[in-house]
Amino acid sequence: MNSFGEVWFSNQGWIAHPFQEKTWSAMAKGRSGLLNAPTGYGKTMAIWFGVLHHYYIQRKVKKGKDPRKLHALWITPLRALSSEIYQATKLVSDDLALDYEIGLRTGDTSTKIRKDQKKKPPQGLLTTPESVHILMASKGYIDYFSGLEFVIVDEWHELMGSKRGVLIELALSRLKAINPKLKIWGISATIGNLEEAKEILLGPENRGVMIKAAIKKRLQIETLLPELIERFPWAGHLGVHMAEKVIPIIEQSQSTLLFTNTRSQAEIWYRQLLELMPDWAGAIALHHGSLSNEIRTWVEAALHEGSLKAVICTSSLDLGVDFRPVDTVVQIGSPKGIARFLQRAGRSGHQPGAMSKIYFLPTHSLEIMEGASLKYAVKEGMMERRIPYVRSFDVLLQYLVTLAISEGFKAEETYHEIKGTHCFSSITAEEFNECILMITKGGRSLGAYDEFHKVVAEEGIFKVTSRRIAHRHLLNIGTIVSDAMMQVKFMSGKYLGTIEEWFISRLKPGDNFWFSGRNLELIKVREMQAIVKNSTGKKGAIPSWMGGRLPLSADLGVALRHSMDMVHQPITRKSPELHFLKPLFLKQQELSALPEEGTLLMESIQTKYGYHLFVYPFEGKFVHEGMAAVIAYRLSKIKAATFSIATNEYGFELLSDAPIPVEEAMEIGLFNTEDLMNDIRLGINTTEMARRRFRDIASIAGLVFQGYPGKPMKTKHLQANSSLFFSVFEDYDPKNLLLRQAYDEVMDFQLESARMYAAFVRISTHAINLTFPDKLTPFSFPIFAESFRERYSNEDWQTRLGKLKDRLEK
Amino acid sequence: MDFYYKEELIQLLPEKVAFLPDHGILIVADLHLGKASHFRKAGIMIPLPSSSPDLKRLDELISALEPSTLVFLGDLFHSSLNKEWEGLKNFLSRHAAIRFVLTKGNHDILPTTVMKDTPMEIVEELAVGEHLLLRHEPMTESRDEKLNISGHIHPGFMIKSQGRQSFRLPCFYLQGQSLVLPAFGQLTGLHMLKKEAGAKVFIVFQDEVLELP
């Protein structure tokens with residue numbers, strides 16, 4: 001079987017899992033595949049011994065005469081994960097006294113080590129998707145990768161749903177061309193489309209094997225219920241009033257992770273817990289994506305040692321390294337998705353066989369339902385799909401220039417290679433030519449010759465000849481686009497983290513704000529740095545970081561609708577959540593009605609604010625936003641009107657100053673799927689959405705230079721914001737591929753048009769239960785209370801601006 | 001939007017220019033011509049229309065207002081010599097009857113020999129009448145009670161409206177003896193300003209300039 005694996009496992013006194021043995025044997029047969037196993041059960045070793053085995057067999061055959069070449073490439077999404085795997089695999093080489101050397105190459109690796117790795121490659125290299133592309137941007141990469149036998153992509157489920165997944169698909173298309181015998185292995189957590197994940201990674205021509213570790217992690221979910229439902233708010237999303245409930249849990253556990261959905265919520269919770277338990281200072285910590293690397297690394301190390309009682313964190317700790325001392329997880333507020341909830345639950349109980357324990361802490365009354373829905377979804381094994389990006393021309397353009405920097409590429413050859421990827425399987429020769437045109441002539445030919453030459457063709461080989469362009473491109477490789485961020489620093493120069501520029505711009509020197517769990521006073525702003533000092537104050541603003549608002553997943557929506565339907569069954573104590581909510585449901589029923597599977601509940605209510613229409617499709621915020629705009633559009637066709645729109649995860653509200661002709665509209669068919677796409681186009685202002693999407697696209701495609709990481713921009717004279725580019729493209733090159741991509745991404749990811757369409761199809765078969773409550777109901781109130789509102793009318797930007805102008809004139 | 005500084009009438013137009021009808025002077029700030037070519041030279045793929053849309057808009061303004069003098073308030077040309085320079089020279093010769101003046105800006109780095117090869121007068125600043133002084137950068141202290149009309153800053157203002165919407169719009173910014181014009185060029189960004197005490201902000205809408213109350 002696998003001599004190395006067997007020796008090492010028996011030395012440790014362990015027995016290999018069947019999935020590990022299956023993987024070893026599949027790898028020995030030269031197969032590719034996807035391994036699906038939970039963290040903490042030795043998936044790294046399942047793959048690693050397969051790699052070692054292959055290497056030494058092959059060396060025996062060749063009698064070790066070849067010069068040493070890179071043998072295996074292990075790609076992970078996180079530096080921290082790379083270092084963990086580095087430690088684990090190096091340990092194996094040391095334990096078994098093997099000469100299989102392992103190198104680590106991430107953004108932190110020094111230039112000297114990188115050079116050594118280049119000159120004398122280790123057999124195994126651990127790295128990130130971006131680093132692979134940087135390697136491909138250096139001369140001699142074809143020779144460097146010529147002996148490559150294995151590519152292992154770790155946490156593929158995570159990478160697949162982002163443009164980093166496209167980076168991997170492109171890199172693999174090249175590596176496969178260099179070495180047709182290349183074996184590809186993915187490691188993935190459970191997702192709804194595992195089979196598709198395998199196909200995308202391996203490619204259509206390579207069937208590969210799927211190995212599933214039949215290990216069920218034991219999981220216990222408990223919803224934290226407030227004392228009294230009457231005192232529990234109908235709306236809100238912070239949940240701090242429940243902080244006291246969490247204290248005994250933290251006390252009883254060895255180490256607890258508390259997950260919040262946003263960075264500002266994490267800051268607020270940290271402060272709240274310290275206020276309740278002042279002597280926990282030093283025993284609890286904060287971890288989120290805007291804190292400096294130094295702080296985060298410190299928190300992670302302390303978690304490893306078990307010296308922290310609790311850490312309040314965001315998705316920053318979703319992935320990666322296992323913290324063995326963590327035995328309890330608390331999810332504050334809706335996790336929005338089943339997979340994310342399970343992933344977070346899996347951060348506890350890492351000792352094999354241990355139970356993962358997760359508490360769900362709802363932030364308002366209706367959210368308590370999600371506790372029941374999550375339990376149902378987990379029991380039924382429901383799981384979200386990861387939607388891969390397709391036709392990401394921004395990444396393709398970047399990749400083409402990357403190839404042009406190093407060895408150059410031939411158009412025909414590269415077209416053939418990328419056509420084999422999932423992302424670009426539908427690209428036409430015409431579209432590919434347009435990409436070539438963009439990097440050689442700067443776009444569709446606009447007549448006269450000018451000085452544009454990023455990439456030039458020399459005897460059929462496309463190359464970058466300018467060193468300046470090459471240098472700038474190298475710094476721009478990758479698909480993670482960051483906002484205009486300000487560095488927060490002490491006078492001494494100590495770096496705390498980053499805050500969005502617009503937040504700081506609202507503060508004056510002397511103002512206080514909370515960041516990194518400290519109360520800070522702003523001293524001054526210098527270029528892109530906010531200089532601060534510690535303050536003893538208790539007041540201060542809490543920064544909110546843009547983005548990060550995720551919608552409820554489709555699958556959790558299904559589970560939620562199921563729980564909603566359970567309400568019609570006799571409610572027993574078997575479902576503590578439903579039992580607890582009984583009074584609320586009774587109230588809802590008294591005022592209006594309860595939603596039911598197969599019917600759609602709508603409420604028409606008149607208040608002093610105007611005429612409200614509430615609709616409850618339970619499809620998640622994004623879908624509701626689009627749906628609300630379409631419904632508003634259809635209603636306004638009957639009678640011209642302007643609506644204010646509010647949405648939450650459960651439903652949406654249209655508010656108008658005149659009666660809404662609902663019944664009339666229902667006769668015509670408010671939820672018809674006929675003409676739906678047309679109504680989406682006419683009803684939703686996709687231009688503004690596309691303009692926002694274009695920001696990342698422009699940056700990835702190299703239109704906007706991101707600058708040196710952490711350093712202020714030196715190429716100011718080459719700066720123009722992406723919005724400007726967007727307008728210029730709209731005016732002079734409306735068919736531009738990047739522009740079209742922006743609109744496609746809006747449809748696919750912002751409006752989730754496929755999901756919206758499915759929701760319309762579902763609802764169009766439903767009976768509609770329209771009620772007329774005389775006041776706001778428990779279901780409608782949280783939507784009504786949403787602070788973020790959008791206006792809808794048939795008017796475009798200019799007309800809206802015209803109205804604004806009128807207000808100014810008054 | 002009309003306003004008077006002493007007896008001088010100054011018209012602020014939604015085309016992002018100022019017009020002095022009594023002198024027949026049209027004032028245009030920060031065209032940044034040649035910026036697209038400059039970007040393209042650095043490998044940034046931005047479409048380049050065969051003739052500059054900014055100059056086209058200027059053509060239209062000239063035929064509507066019939067000025068006798070056109071003053072460029074600096075940053076006329078963004079970079080070193082490129083194809084778009086020819087477009088500018090054509091523009092100048094199209095309007096041979098007009099006196100062109102450029103108050104030099106920090107981006108106008110073309111060598112004097114090239115600059116002199118045009119009918120433009122190139123000056124540091126230009127006095128108009130008794131009360132107006134035109135130059136590229138706003139002065140920190142005003143001289144002789146004169147109103148200093150300048151560019152350089154690309155002023156913009158963010159207006160908030162209901163439903164948490166906000167609009168970033170170009171503006172004219174008047175404070176004390178300084179009037180800053182919005183940038184005329186299409187490829188220019190906005191530098192957001194706040195309304196300081198005593199300042200007046202004139203917002204440029206599509207078809208009108210309005211003072212912020």
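Two residues are in contact if their C-beta atoms, placed from the backbone, lie within 7 Å. The views below show a predicted model.

**View 1. Helix H6 of chain A lies across three strands.** Helix H6 covers residues 129–136 of chain A. The strands that H6(A) lies across are E2, E3 and E4 of chain A. The helix runs at about 135° to E2(A).

**View 2. Seven strands of chain A form an open sheet.** The order of the strands is E3-E4-E2-E5-E6-E1-E7, and their pairing is parallel. At the edges are strand E3 (102–105) and strand E7 (209–212) of chain A, each of which pairs on one side only. On average, neighbouring strands of this sheet are turned by 15° against each other, direction ignored.

**View 3. Strands E2 and E4 of chain A pair in the parallel sense.** Strand E2 spans residues 72–75 of chain A and strand E4 spans residues 124–127 of chain A. Four bridges join E2(A) and E4(A). A:Ile75 has A:Thr127 in E4(A) as its bridge partner.

**View 4. Chain B contains four helices and 16 strands.** Chain B is as compact as a globular protein of its length, because its radius of gyration of 17 Å is close to the 17 Å that the globule rule gives for 213 residues. Of these 213 residues, 42% count as buried.

**View 5. Confidence varies among the elements of chain B.** Helix H4 (residues 112–116) of chain B has the lowest mean pLDDT, 75, and strand E4 (residues 25–28) of chain B has the highest, 96. For chain B the mean pLDDT is 86, with 96% of its residues at 70 or more.

Note on methods. Residues are numbered from 1 along each chain as its sequence is written. Chains are lettered from A and ligands numbered from 1 in the order in which they are written. This is a predicted model: local features need pLDDT of at least 70, side-chain atom pairs count only at pLDDT 80 or more; totals for chains, interfaces and linings use all residues. Helices (H or I, at least four residues) and strands (E, at least two) are DSSP runs, numbered from the N terminus. The radius of gyration is taken over C-alpha atoms; the globule rule is 2.2 Å times the number of residues to the power 0.38. A residue is buried if 20 or more other C-beta atoms lie within 10 Å of its own, exposed if 12 or fewer, and partly exposed in between; C-beta atoms are placed from the backbone. pLDDT is the predictor's confidence in each residue, from 0 to 100. Two strands pair if DSSP finds at least two bridges between them. Axes are lines fitted to C-alpha atoms, for helices over the stretch in contact, and angles run from 0 to 180 degrees between N-to-C directions.
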